[in-house]
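These are my notebook entries on a single protein chain. I set out to look up its overall build first and its side-chain pairs afterwards.

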Amino acid sequence: MQATSYTYDPETRTGSVLLDDGTPVEFDAPAFDAGGLLLLRPGQRVRIEGEGTGAGLRITLVTLQTF
């Protein structure tokens with residue numbers, strides 16, 4: 001699934017993304033660490049993986065979207 005980086009706190013390695021429909025979804029440090037990223041800037045296009053759907057969606061991986 002694709003999303004856009006919305007917020008990121010480098011101290012806690014947590015943040016949020018916006019799904020393509022505009023829904024914000026938060027991610028925790030383990031999801032960020034799983035993607036192997038060092039930094040994330042607002043507006044970057046990312047690939048996410050998650051568990052659950054709708055309001056129960058929990059992001060398990062955040063990494064950069066590559067073409």
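The entries below run from the whole chain to individual residues.

**Entry 1: the model and its fold.** I noted at the outset that this is a predicted model. I then looked up the secondary structure and found one helix and five strands in the protein chain. Read along the sequence, these elements follow the pattern β-β-β-α-β-β.

**Entry 2: dimensions and surface.** I checked the radius of gyration, which is 10 Å for the protein chain; a compact globule of 67 residues would have a value near 11 Å, so the two agree. Along the principal axes, I recorded a span of about 30 × 25 × 20 Å for the C-alpha trace. The accessible surface comes to about 4200 Å², and carbon and sulfur atoms hold 53% of this area. Buried residues make up 36% of the 67 residues. I also looked up the contacts with a separation of 6 or more, and 42% of these join residues 24 or more positions apart.

**Entry 3: salt bridges.** How many salt bridges does a search of the whole structure find? I obtained four, and I followed up three pairs, given below.

I began with Asp33 and Arg13, whose side chains meet in a salt bridge at 2.8 Å, N to O. Asp33 lies in helix H1 (residues 29-34) and Arg13 in the loop between strand E1 (2-9) and strand E2 (14-19), so this pair ties together parts that are 20 residues apart in sequence. I then looked up the accessibility of each partner. Asp33 has 39% relative accessibility and counts as partly exposed; Arg13, at 31%, is likewise partly exposed.

Next I examined Arg45, which forms a salt bridge with Asp20, with 2.9 Å between the closest N and O atoms. This pair links distant parts of the chain, 25 residues apart: Arg45 belongs to strand E4 (residues 45-51), and Asp20 to the loop between E2 and strand E3 (24-27). Is Asp20 buried or exposed? I found 59% relative accessibility for Asp20, and because exposed means over 50%, Asp20 counts as exposed. Arg45 is partly exposed at 28%.

The last pair I followed up was Arg47 with Glu49, a salt bridge in which the closest N and O atoms are 2.7 Å apart. Arg47 is partly exposed at 33% relative accessibility, and Glu49 is partly exposed at 38%.

**Entry 4: aromatic rings.** My count came to two aromatic pairs. For Phe27 and Phe32, I recorded ring centres 6.3 Å apart and planes at 15°; planes under 30 degrees apart count as stacked, so this pair is stacked. Ring pairs link Tyr8, Phe27 and Phe32 into a cluster. I looked up the burial of the two phenylalanines: Phe27 is buried with a relative accessible area of 5%, and Phe32 is buried with 1%.

**Entry 5: Thr63.** I closed with Thr63, which is found in strand E5 (residues 58-64). With a relative accessible area of 15%, Thr63 is buried. Which residues is Thr63 in contact with, leaving aside its neighbours within four places in sequence? I listed Gly35, Leu37, Val46 and Arg47. For Gly35, I noted further that the side chain of Thr63 reaches the backbone oxygen of Gly35 at 3.5 Å. Arg47 had already appeared in Entry 3, as the salt-bridge partner of Glu49.

Notes:
Residues are numbered from 1 along each chain as its sequence is written. This is a predicted model: local features need pLDDT of at least 70, side-chain atom pairs count only at pLDDT 80 or more; totals for chains, interfaces and linings use all residues. Side-chain values use heavy atoms; hydrogens and water are left out. Helices (H or I, at least four residues) and strands (E, at least two) are DSSP runs, numbered from the N terminus. Buried means under 20% relative accessible area, exposed over 50%, partly exposed in between (1.4 Å probe, protein chains only). Rings of Phe, Tyr and Trp (its six-membered ring) pair if their centres lie within 6.5 Å; planes under 30 degrees apart count as stacked, over 60 as edge-to-face and the rest as tilted. A polar contact is a pair of N or O atoms within 3.5 Å; within protein, one must be able to donate a hydrogen and the other to accept it, and residues adjacent in sequence count only if both atoms are side-chain atoms. Contact means heavy atoms within 4.5 Å. The radius of gyration is taken over C-alpha atoms; the globule rule is 2.2 Å times the number of residues to the power 0.38. Accessible areas come from the Shrake-Rupley method with a 1.4 Å probe; for residues, only the protein chains shown count as cover.
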